[in-house]
Amino acid sequence: YASDVTIKNSFSAGSVTSTGSYVGGFIGRFDGDQKLLIENCHSTATVQGKQYSGGFVGYMAQTGSKTLTVTKCYATGNLTATDTYTGGFIGYINASNPNLNVENCYAHGNVSGAKKQRSGGFIGGVEQNVTVNCCYSMGDMDPLGPMAGGFIGAARNWPSKHADYDDEAVLNIKVTNSIAWPSKVTSSASSGQWSSSPMIAV
């Protein structure tokens, strides 16, 4: 866990392997009411994990009002995960206030192995109050479960009792000037399940 941190001009390499959750090539987990700036950093590490796994950050949540920014960063390592929220750059991201920004970042690694929901070439799941600008992903996605997106797997807020997946729960998610270039997105979604997409699945 980190608190009020600036990280610049840093990198990670090699491999990160875990049988647990919150696994990232650069940062495994960041959450709370802390200020964080990550700038000009990258990871070339291959990543293997369970839930909340990302090529750069596994889990990122802002629960207060301070600013959290990831800018000019990238991840190129391949990612293999076995559970939900799997992303080539970030596995899961969420904020209580609109102060969480990801900009000028990219992911090149392939994403595979996540048989369950919410996998993305860039972000596995985005819940609320997040802005993504000028970012892209190029990794392939194969084989994956339902809600697999070339860029984002799931972009919406899941209520505490989300059996109905109320569309009104979507809150302040902005994706601008961003694109995905996967050569393939393979999903096990079947009739009656959530779909998959070259950009954002749902």
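## Salt bridges

Let's start with the charged pairs: this predicted model holds 3 salt bridges, a salt bridge being a side-chain nitrogen of Lys or Arg within 4 Å of a carboxyl oxygen of Asp or Glu. One of them joins Asp 4 to Lys 66, with the closest N and O atoms 3.3 Å apart. Asp 4 sits in the segment before strand S1 (5–8) and Lys 66 in the loop between strand S10 (57–62) and strand S11 (68–71), so this pair ties together parts that are 62 residues apart in sequence. Strands here are DSSP runs of E with at least two residues, numbered from the N terminus. Asp 4 is partly exposed at 45% relative accessibility, and Lys 66 is partly exposed at 32%; for these labels, buried means under 20% relative accessible area, exposed over 50%, and partly exposed in between, with a 1.4 Å probe and protein chains only.

Lys 8 and Glu 39 form another salt bridge, at 3.7 Å from N to O. This pair also links distant parts of the chain, with Lys 8 in strand S1 and Glu 39 in strand S6 (residues 36–39), 31 residues apart. Lys 8 is partly exposed with a relative accessible area of 43%, while Glu 39 is buried at 18%. Asp 31 and Arg 29 also meet through their side chains, at 2.7 Å from N to O. Here Asp 31 is buried, with a relative accessible area of 16%, and Arg 29 is partly exposed at 27%.

## The six-strand sheet

Next come the sheets. Strands of a sheet pair through backbone hydrogen bonds, either parallel or antiparallel. In this model, two strands count as paired if DSSP finds at least two bridges between them. An open sheet of 6 strands follows the order S1-S6-S11-S16-S21-S26, with parallel pairing. S1 and strand S26 (171–176) are its edge strands, each with a single partner, so one side of each has no neighbour in the sheet. From one strand to the next, the twist averages 5°; the axes behind such angles are lines fitted to C-alpha atoms, and angles run from 0 to 180 degrees between N-to-C directions.

At one edge, 4 bridges pair S1 with S6 in the parallel sense. Lys 8 stands opposite Glu 39 of S6, and these two residues also share a salt bridge.

## The five-strand sheet

Another open sheet has 5 strands in the order S5-S10-S15-S20-S25, again with parallel pairing. Which strands stand at the edges, each with a single partner strand? They are strand S5 (27–32) and S25, so one side of each is left without a neighbour in the sheet. Neighbouring strands in this sheet are turned by 10° against each other on average, direction ignored.

Walking across this sheet, S5 and S10 pair in parallel over 5 bridges, and Arg 29 has Tyr 59 as its bridge partner in S10. Further along, strand S15 (residues 90–95) is joined to strand S20 (residues 123–126) by 3 bridges, also running parallel; Tyr 92 stands opposite Gly 125 in S20. S20 is in turn joined in parallel to strand S25 (residues 152–155) by 3 bridges, where Ile 123 has Ile 152 as its bridge partner.

## Nonpolar cores

In soluble globular proteins, nonpolar side chains tend to be buried together. A nonpolar core here is a set of buried Ala, Val, Leu, Ile, Met, Phe, Trp, Tyr and Cys residues joined through side-chain atoms within 4.5 Å. The largest one has 31 residues, of which Ile 38, Phe 56, Val 70, Phe 89, Val 102 and Phe 122 touch the most other members. S15 supplies the largest share of this core, with 3 residues. Another core, of 8 residues, lies apart from it and has among its members Val 47, Leu 79, Leu 144 and Ala 148.

## Cysteines

How many disulfides does the structure hold? There are 0, with a disulfide taken as a pair of cysteine sulfur atoms within 2.5 Å. Cys 105 is in no disulfide, and its nearest cysteine sulfur, that of Cys 73, is 4.8 Å away. Cys 105 is buried at 1% relative accessibility. Cys 135 is likewise in no disulfide, with the sulfur of Cys 105 as the nearest cysteine sulfur at 4.8 Å. Cys 135 is buried too, with a relative accessible area of 2%.

## Reading the model

Residues are numbered from 1 along each chain as its sequence is written, and side-chain values use heavy atoms, with hydrogens and water left out. Because the model is predicted, local features need pLDDT of at least 70 and side-chain atom pairs count only at pLDDT 80 or more, while totals for chains, interfaces and linings use all residues.
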